[in-house]
Structure formats: structure tokens, C-alpha cells
Amino acid sequence: MSGDWTIRLVQRRDVRDLLAIEQAQFPEPWSRAMLLDEITNATTRRYTVAVHDGRILGYLGVMFVLDELHVNTLGVAPGEEGRGVATSLLDDAWADAATRGITRATLEVAVSNERAQRLYWRYGFAPVGVRRRYYERTGEDALVMWADLASRLADRPPEA
Ligand SMILES: CC(C)(COP(=O)(O)OP(=O)(O)OC[C@H]1O[C@@H](n2cnc3c(N)ncnc32)[C@H](O)[C@@H]1OP(=O)(O)O)[C@@H](O)C(=O)NCCC(=O)NCCS
């Protein structure tokens with residue numbers, strides 16, 4: 001699914017917009033210093049943004065560990081959800097991962113974040129465990145999800 005935005009690699013000057021999305025969308029937002037540290041580490045990280053008319057609609061940060069990809073962060077600007085921005089960002093990352101010989105992917109997601117989990121299911125992620133009280137501020141558990149990149153699922157998760 002593609003919309004009226006383009007996906008490009010993040011630039012240092014984007015950090016202010018990323019910070020605004022972090023603060024609006026996450027109970028434990030990363031600091032400016034953490035974000036800067038992440039986006040300038042081009043060896044093991046790949047950060048991309050979806051941009052429309054110079055405005056950042058969303059961003060995705062992944063980390064590479066050997067032949068694995070870890071989803072570090074994914075955020076869409078408030079009011080821009082449900083238009084396929086996250087899907088575009090993940091499609092781009094998956095296409096890039098294929099060129100790097102990445103075969104598996106992993107992430108943590110809050111157990112209550114069903115919307116993100118539905119999105120991840122569509123990329124072949126399935127839960128493999130729980131990290132207790134992973135999120136310090138809320139005390140919430142994280143679901144650990146894994147995906148075999150060769151077997152992307154097209155469908156919704158099975159009904160609970
Ligand atoms: C989770 C999050 C990243 C999803 O981003 P998004 O851009 O809304 O995701 P998408 O639009 O690609 O897909 C989400 C939904 O929109 C639907 N959608 C996608 N494109 C669409 C379009 N063009 N028109 C209508 N609906 C569309 C998808 O079918 C999907 O439906 P679902 O809710 O039943 O799963 C976003 O809601 C967010 O930033 N949340 C807060 C931060 C967060 O939780 N991040 C993940 C932490 S691990």
C-alpha cells in the first residue's frame with residue numbers, strides 16, 4: 001500500500017520531528033540524545049522517514065545483528081495513523097533487508113499494543129515470549145516477537 005509520501009533515510013535535521021512523534025506516541029519517549037545516537041550510527045542502524053510536503057509522517061528504526069534485524073522503534077505522527085505509513089516503512093525495510101541477506105527479525109512490543117501487534121503479524125511476526133516489566137515507567141510487560149523473513153503472512157492473526 002502506498003500513499004502520497006516518500007520514504008527516505010533519516011537526516012540529522014529530522015531529529016526534532018522524530019522527537020515530537022516520540023513524545024506524542026510513546027509513554028517512555030526516547031530523549032533527543034538517544035535519538036541522535038541511534039540515527040547517526042549508520043553501521044548497525046537504519047532509520048527511515050515517510051515524508052509528505054517536507055513533513056515527517058512517521059519513522060522506523062531497525063538494527064542489524066549478524067543476519068537478524070531488530071525493530072528498534074516505529075512511530076507515526078498523531079492523526080496520520082491508519083493510512084499505511086507504517087506499512088510503507090516496513091515494506092521499505094523488508095526490501096532493504098532482503099539485499100543484506102537478513103533472514104530473521106525480532107522486536108518487543110507492549111502486550112497492550114494490539115494495533116502494532118496486528119501490523120507485525122502481517123509481516124510474519126509471531127510471539128515467542130514475554131519480557132516481564134520491560135517498560136520501566138508503566139511496568140508493562142513486552143511481548144517478544146520473531147519473524148522468518150521468507151514467510152511473510154498475508155493474513156490477520158488467528159482469532160483469540
Ligand atoms: C502502530 C503504528 C506504528 C501503526 O502505524 P500506521 O501508519 O497507523 O499503520 P498502517 O496504517 O500501516 O496500518 C494500520 C492499520 O491501518 C490500515 N490501513 C493501512 N493503510 C490504510 C489506508 N490507506 N486506508 C485505510 N486504512 C489503512 C491497516 O489495514 C491497519 O489496520 P489494522 O488497524 O486493522 O491493523 C501507529 O499506530 C503508532 O505510531 N502507534 C504508536 C506508537 C507505537 O505503538 N509503535 C509501535 C511500537 S512497537
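**Glycine 54, helix α1 and the ligand shell**

Glycine 54 counts as exposed because 6 C-beta neighbours lie inside 10 Å, where the cut-off for exposed is 12 or fewer. The model considered here is a predicted one. Glycine 54 is located in the loop between β2 (45–52) and β3 (55–65). Threonine 6 is 48 residues away from glycine 54 in sequence, and the C-alpha to C-alpha separation of the two in space is 10.0 Å.

Helix α1 spans residues 15–25, and its buried residues are Leu18, Ile21 and Glu22. These three lie on the same side of α1, because the arc they cover around the axis is only 105 degrees. An α-helix has 3.6 residues a turn, so residues three or four places apart point the same way. Arg16 and Gln23 are exposed on the other side of α1. The packing partners of the buried α1 residues are α2 (32–39), β3 and β4.

Strand β4 also takes part in the surroundings of the ligand: β4 (68–76), α3 (85–99) and α4 (114–122) each contribute at least two residues to the shell. The largest contribution is that of α4, with four residues. The ligand is surrounded by 20 residues, of which Glu81, Gly84, Val85, Ala86 and Thr87 come nearest. By residue class, the shell consists of nine nonpolar, seven polar and four charged residues.

Methods
Residues are numbered from 1 along each chain as its sequence is written. This is a predicted model: local features need pLDDT of at least 70, side-chain atom pairs count only at pLDDT 80 or more; totals for chains, interfaces and linings use all residues. A residue is near a molecule or strand if its C-beta atom, placed from the backbone, lies within 6 Å of it. Ala, Val, Leu, Ile, Met, Phe, Trp, Tyr, Cys and Pro count as nonpolar, Asp, Glu, Lys and Arg as charged, and the others, Gly among them, as polar. A residue is buried if 20 or more other C-beta atoms lie within 10 Å of its own, exposed if 12 or fewer, and partly exposed in between; C-beta atoms are placed from the backbone. The arc is that of the directions from the helix axis to the C-beta atoms. Two residues are in contact if their C-beta atoms, placed from the backbone, lie within 7 Å.
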